[in-house]
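Here is a short note to read with the model open beside you. Take the points in order and find each place as you go.

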Amino acid sequence: MKTIIEPFRIKSVEPIRMTTRAEREEKLRDTHYNLFGLRSEDVLIDLLTDSGTGAMSSQQWAAMMRGDESYAGSPSFERFKAAIQNLMPFEHIIPVHQGRAAEAILFSILGGKGRNIPNNTHFDTTRGNIEASGAMAHDLVIDEGRDPASLHPFKGNMDLAKLHEYMCEKGDSVPCVMTTITNNAGGGQPVSLENIQATAKIAHEFGKPFIIDGCRFAENAWFIKQREPGQADRSISDIVRDCFACADGMTMSAKKDGFANIGGWLALNDGDLADRARNRLIQTEGFPTYGGLAGRDLEAIAQGLTEIVDEEYLRYRIRTNEYIITKLDALGLPVVKPAGGHAVFIDARQWLSHIDPLGFPGQALACGLYKTGGIRSCEIGSVMFGRQPNGQEIPAAMELVRLAFPRRTYTQSHADYIIEVFGEIAEEKQSYRGFRIAWEADTMRHFSCRFEPLK
Ligand code: F0G
């Protein structure tokens, strides 16, 4: 059949509420045009993030009932650990309350002044944790990964030549090499298995551990199956195992491809590093058999990991993005192509080319989507990445707006509505103006900064 349907039926629903344009304009003023400040009740379709916002299955809710809440030695931890090791064969599995906690622990050990950490593209919390430790974070994605129009099948790939050169230059100061699958900040673009393995090889040549940020590992494996020669007949689980088999550790937010509302883990093979991480964990998160999570959360993740590798689910998941991108493309919108895994990305620098990059065209579009259709999206551009550690403002490589899709949450009519809203915006976008930042925090300013519209 040509129609790819949502491969589930709905057992429990949450109402969503339409507001008027006048109300939404008022909310924008009240929140200083920062969409993180909105109450979710005032949002019709919430595409701010795919993190922790998905719907759990009836099997996950059932598994939660058997959550064992013992402080130490809970069987829920054993099930959590076994489910992870079934896909990612690491020695030590350290639970944490979400991905950034894994990063904070890892870089409290591996970071520090004078150190340098390469990645295809660091996610903002990864960069934040590295920089907070005093180390520097560098992005070495291939050039195609910075070109929204390039149709390269693996735009998340590490530039191996650049990585090699980087290691020759800075190798002594590099505590680990990272790769993020999929490359969220670069458009949810996948990394090929070949590239993951080649990155590991370079890291190992220089005697450094290779760490994967695996937040969207299942979506990445789906793309490998679809696009990488020789992978089409393999199961998603086997592809996932190969991706992690060459790594020495991983950080994970189970709020993404763990199918859970909260949780994550740090996995390591090195026993000494793992001991240090567990000591830190006890200080900041909790005992190593729960790590800041309830036993029921561990159960939800263990069950979620068996569901996320389902091909019918992944086919529908990726198809949603392709569907929207095809329609937006037909409307003449500059969308990041090919479709990424968890989100649709619009190139706001091009679509709102009358707004200077340092006037934040992505933020102007994100506000427009809320004003016109009650849709909440997220700027991934100069608001997020423009300010340098030395305080200087440099336009980000791309000015993107991300529509991130919560897993198993919205349906095709929501997708059609989103497309219609873009059609409306196309009519009035020339009247859009940029913003200046009136107040910002010292780090990760996008969560809380206040904007003022430019005249
Ligand atoms: N790494 C990547 C690639 C991420 O996308 C995220 C979170 C994290 C690490 C941190 O995980 O949120 O559990 O602490 N991304 C969310 C997003 C917030 O909207 O893209 P966390």
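**Notes on the spaces, helices and loops**

1. By class, two nonpolar, two polar and three charged residues make up the lining of the second largest cavity. Nonpolar here means Ala, Val, Leu, Ile, Met, Phe, Trp, Tyr, Cys and Pro; charged means Asp, Glu, Lys and Arg; the others, Gly among them, are polar. The lining consists of Gly-54, Lys-255, Lys-256, Phe-259, Ala-260, Asn-261 and Arg-407. The space in this second largest cavity is about 30 Å³.

2. Before going on, note the ground rules. This is a predicted model, where local features need pLDDT of at least 70, side-chain atom pairs count only at pLDDT 80 or more, and totals for chains, interfaces and linings use all residues. Residues are numbered from 1 along each chain as its sequence is written, and side-chain values use heavy atoms, with hydrogens and water left out.

3. The spaces are found on a 1 Å grid over the protein atoms alone. A cavity is a set of points where a 1.4 Å probe fits but cannot get out. A pocket is an open set with protein on both sides within 12 Å along at least five of seven lines. Lining residues have an atom within 4 Å of a point. Grid points are joined across faces, edges and corners, and a volume is the space filled by probe spheres set on the points.

4. How many cavities of 30 Å³ or more does the structure hold? It holds two. The largest has a volume of about 90 Å³. It is lined by 13 residues, and Asn-34, Phe-36, Gln-363, Glu-379 and His-446 are the closest to its centre. Eight of the lining residues are nonpolar, four polar and one charged. Helix α14, strand β11 (378-380) and helix α15 (382-385) each supply at least two of them. Helices (H or I, at least four residues) and strands (E, at least two) are DSSP runs, numbered from the N terminus.

5. Now look at the largest pocket. Its volume is about 1,400 Å³. Among its 35 lining residues, Ser-12, Glu-14, Ala-55, Arg-408 and Thr-409 are the closest to the centre. The lining has 15 nonpolar, eleven polar and nine charged residues.

6. Arg-408 deserves a second look. It sits in the loop between β12 (400-404) and α16 (412-428). Its phi is near 60°, a positive value in a residue other than glycine. Is Arg-408 buried or exposed? It is buried, at a relative accessible area of 16%. Buried means under 20% relative accessible area, exposed over 50%, and partly exposed in between (1.4 Å probe, protein chains only).

7. Met-444 also has a positive phi, of about 45°, although it is not a glycine. It is in the loop between β13 (435-439) and β14 (450-453). Met-444 counts as partly exposed, at 30% relative accessibility.

8. Check two cis peptide bonds. One joins Ile-181 and Thr-182, with omega about -20°. Thr-182 lies in the loop between β5 (177-180) and α7 (193-205). Another joins Lys-337 and Pro-338, with omega about -10°. Pro-338 lies in the loop between α12 (311-330) and β9 (343-347).

9. Last, helix α2 (residues 58-65). Its buried residues are Gln-60, Ala-63 and Met-64. They cover an arc of only 105° around the axis, so they lie on the same side of α2. The arc is that of the directions from the helix axis to the C-beta atoms.
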